[in-house]
Every structure is written in structure tokens, then in C-alpha cells.
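Biologist: I would like a close look at a single helix in this chain. Please start with the chain as a whole, and then explain how the residues of that helix are placed.

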Amino acid sequence: MTDTRGPKPPYETYDDGPLPGERSSTQQASQPYHPPQAYAAQGARDGVPGGAAVRRPRTGAKTTPRTRKARLRVAKADPWSVMKVSFLLSIALGICTVVAAAVLWMVMDAMGVFSTVGATISDATGSTESNGFDLQAFLSLPRVLTFTAVIAVIDVVLATALATLGAFIYNLAAGFVGGVELTLAEDE
């Protein structure tokens, strides 16, 4: 096939050089290809030191960041998930109660509170002999921890049941009035 367009230059040119595929092999070896994004920024050509372009806001554009907000509605609380979460939280509260009671008992015993109060009760009742009321024996650590553990177990059962019942009641009320509306904002 014969080319009828006439003689061609050695390469077609843009304003600043040949196309990448049409460079001679000596040019390709000596100078790497730089894509248009790698050319000097406008600020570097305008005389800004360091070659960094200064970004100026557009006229009429807001310069303060905009906070996104969303209005959401809690339409339903799943009773099963409420029961699981309330069960775990009430177990944690029960463990904290038992540990707090043990620490409080040890601190009060180290300060001598039980012996002082026991002596005061013995003096007030006039029972200095061995058949009087012994506060230290009544409020021993095992007895206090047993009582606290029983209270913690009752608390776990009641808190779980009440939270689950509360979820059912919330679902009924949300069916009538639509639920609780929340406005969530994005933190900037």
C-alpha cells in the first residue's frame, strides 16, 4: 500500500516534544517519559519558592468545614439483643459488687471498725460475758461475700428480665408514636 499523504516529519510533535512511542531510541534512553501530572505546578512557573502551588479559595466558596448531620429514628429494639447485652452488663455489675464488698470489708477490718463497733455494742447491752452479741463473728468475710453474691445473682436475673421487658414495651410504644429520633453529626 502506498502512502499518499506526502512526506512526514521524523515524528509528530506536540508543543513540548514527540509522542512517547515515536521517540528515537537515543532520546528514550537519555530522558525518561514524564506524564503531564509530573510537570511543574503552576506556582513553580509563577515564581513561588519550592515549586509548591499556593491554593487559594474560590470566590464565594465557604472556607469553614461543613458538618454532615443525619436524622435517624430508632424504630425497633430487638428484645433478644437487649437481653444478651443486659445479661452481660449485669454480670459485670455483679462481679464489681462482690469485689467492692470484699475490698470494703478488708479496709474496714484493717481500720478496726468491727472491733470498735462490737465493743460499743457490748458496752451498750451490758453483755461482757461470752454469750453476748459478737459483731466480728456475724460480719465475717465469708458471710459478707455469700450475702453479696446472692444479691448479685438476684440483680442479674432482675436486670435481664426488666431490660427485655423494657424492649418489648419500647417496641409497642414505637409502633404508636414512631420511636425515638436521633440527630447524628459527623466529627470534623
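Modeller: The model is a predicted one, and its chain has six helices and four strands. In sequence order these elements run β-β-α-α-β-α-α-α-α-β. The chain has 188 residues, and 14% of them count as buried. Its exposed surface comes to about 15200 Å², with 63% of that supplied by carbon and sulfur atoms. If we take the contacts between residues at least 6 apart in sequence, 69% of them join residues at least 24 apart.

The part to look at closely is helix 4, which covers residues 113–125. Helix 4 has 13 residues, and from its first C-alpha to its last it reaches 18 Å, close to the 18 Å expected at 1.5 Å a residue. Three residues to find in helix 4 are Phe114, Gly118 and Ser122, which are buried. Viewed down the axis of helix 4, the buried residues fall within an arc of 70 degrees, so they line one face of the helix. A general rule about helices helps here. An α-helix has 3.6 residues a turn, so residues three or four places apart point the same way. On the other side of helix 4 are Asp123 and Ala124, and these are exposed.

Next comes the question of what lies over the buried face. The cover on the buried residues of helix 4 includes helix 3 and helix 5, the latter being residues 135–138.

Helix 3 spans residues 79–111, and Ile91 is found in it. Ile91 is partly exposed, with a relative accessible area of 31%. Ile91 also belongs to a nonpolar patch on the surface, together with Phe87, Leu88, Ile95, Val99, Val103, Val107 and Met111. Taken together, the residues of this patch have about 760 Å² of accessible area.

One member of that patch, Phe87, is also touched by Thr160. Thr160 lies in helix 6, residues 141–177. Leaving aside residues up to four places away in sequence, Thr160 touches Met83, Ser86, Phe87 and Ser90. Thr160 has a relative accessible area of 11%, and because buried means under 20%, Thr160 counts as buried.

To return to helix 4: Phe114, Gly118 and Ser122 are buried, Asp123 and Ala124 are exposed on the other side, and helix 3 and helix 5 are among what covers the buried residues.

Definitions and conventions: Residues numbered from 1 in each chain as written. Predicted model: local features only at pLDDT ≥ 70, side-chain atom pairs only at ≥ 80, totals over all residues. Heavy atoms only, no water. Helix = DSSP H or I, 4+ residues; strand = E, 2+ residues; numbered from the N terminus. Buried < 20%, exposed > 50% of the residue type's maximum accessible area, 1.4 Å probe, protein only. Contact = heavy atoms within 4.5 Å. Areas by Shrake-Rupley, 256 points an atom, 1.4 Å probe, with all protein chains shown as cover. Patch = residues over 30% accessible without salt bridge, like charges linked within 9 Å, V, L, I, M, F, W, Y side chains within 5 Å. Salt bridge = Lys/Arg side-chain N within 4 Å of Asp/Glu carboxyl O. Expected span 1.5 Å × (residues − 1). Arc of directions from axis to C-beta.
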